[in-house]
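Let's take a quick tour of where the greasy side chains sit in this protein. Have the structure open and click along.

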Amino acid sequence: MKSKEERKNQLYNIIFESDTREGKLFDIVLMVCIAVSVIIAIFGSTFKAQWLKTTVVVLEYFFTVFFTAEYILRIYCAKNARKYIFSVFGIIDLLAILPMYLAFLFPSIQYAIIFRCLRLIRIFRVLKLFNFLSEGNLLLRAIQSSWRKITVFFLFVVLLVICLGTLMFMVEGQANNAAFDNLPNSLYWAVVTLTTVGYGDITPITTLGRFLAAIIMLLGYTILAVPSGIISAEFIREDKKSLNRRCANCGRSGHEKGARFCKYCGAEFEEDADDADDFLE
């Protein structure tokens, strides 16, 4: 008879690991269930026949119960339940089942189960695509490093939108333009124009208003490039840091990302899965 701890470890290896035959089989079944549930969620709303609608509802509840049981088992056998619950995977797993339960109170929220598609991220672990996850982790670190600069820039844009919207309200409001008859409409127009979206539902009619609109459009192209530049600079900085990988055998650094052997002494590196774990957990 296996002890409770042994059964728990065996369950952990099946659910969290993909190195064993049982673990791979579980992951494959899970991927198939996720894919089928997402397809049903996408095309289920197009069915007209009542029996098809009923079938879709039954399948959605079946997958919800299955994913709920899986989520509970993950918490039960996880080595650190708190870490799993608040990890990227843990939050995504919760979002995959929560909408169907909230649908009893808010029916329209059931369509949020489409977010189950995010669970397909696990295919990176199943297929051992750690290099791709490493790139994702590099981008994540770049965003984390630049969030303060982006926050300051965002606040600046908000203030700019308020000023430009108010200015347009003063110009077009005096011309009795119904589209700019209140400040919220003018602020909405400023956001749409500054971001170069340009829906066209609100347009200025005065010469001064159109001139101001043209200036804001040109300003929008300049502003949109700033966040990309901030993140790109941080990405390059983080990428350079990744070249500082040091060989445990000879102690020399400067190796390329994804390198399996030291270019100086030929020693083999261990599989670089830490970045993947950081990105996913």
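Which residues make a nonpolar surface patch of about 910 Å²? They are Val-57, Tyr-61, Leu-94, Leu-98, Tyr-101, Leu-102, Phe-104, Leu-105, Phe-106 and Ile-109. Keep in mind that this is a predicted model, where local features need pLDDT of at least 70, side-chain atom pairs count only at pLDDT 80 or more, and totals for chains, interfaces and linings use all residues. Residues are numbered from 1 along each chain as its sequence is written, and side-chain values use heavy atoms, leaving out hydrogens and water.

**On the surface**
- Patch residues have over 30% relative accessible area and no salt bridge (a side-chain nitrogen of Lys or Arg within 4 Å of a carboxyl oxygen of Asp or Glu), and nonpolar side chains (Val, Leu, Ile, Met, Phe, Trp, Tyr) are joined within 5 Å.
- Helix 3 (50-77) and helix 5 (88-102) are the elements that give two or more residues to the patch, and helix 5 has the largest share, with 4 residues.
- Val-57 lies in helix 3 and is partly exposed, at 40% relative accessible area (the range between buried, under 20%, and exposed, over 50%, with a 1.4 Å probe and protein chains only).

**On the inside**
- The largest nonpolar core (buried Ala, Val, Leu, Ile, Met, Phe, Trp, Tyr and Cys joined through side-chain atoms within 4.5 Å) has 18 residues, and Phe-16, Leu-30, Ile-34 and Phe-67 have the most contacts inside it.
- Helix 1 (4-16), helix 2 (21-43) and helix 3 each give two or more residues to this core, with helix 2 giving the most, 7 residues.
- Apart from this core lies another, of 16 residues, including Val-157 and Leu-212.

Notes
Patch = residues over 30% accessible without salt bridge, like charges linked within 9 Å, V, L, I, M, F, W, Y side chains within 5 Å. Areas by Shrake-Rupley, 256 points an atom, 1.4 Å probe, with all protein chains shown as cover.
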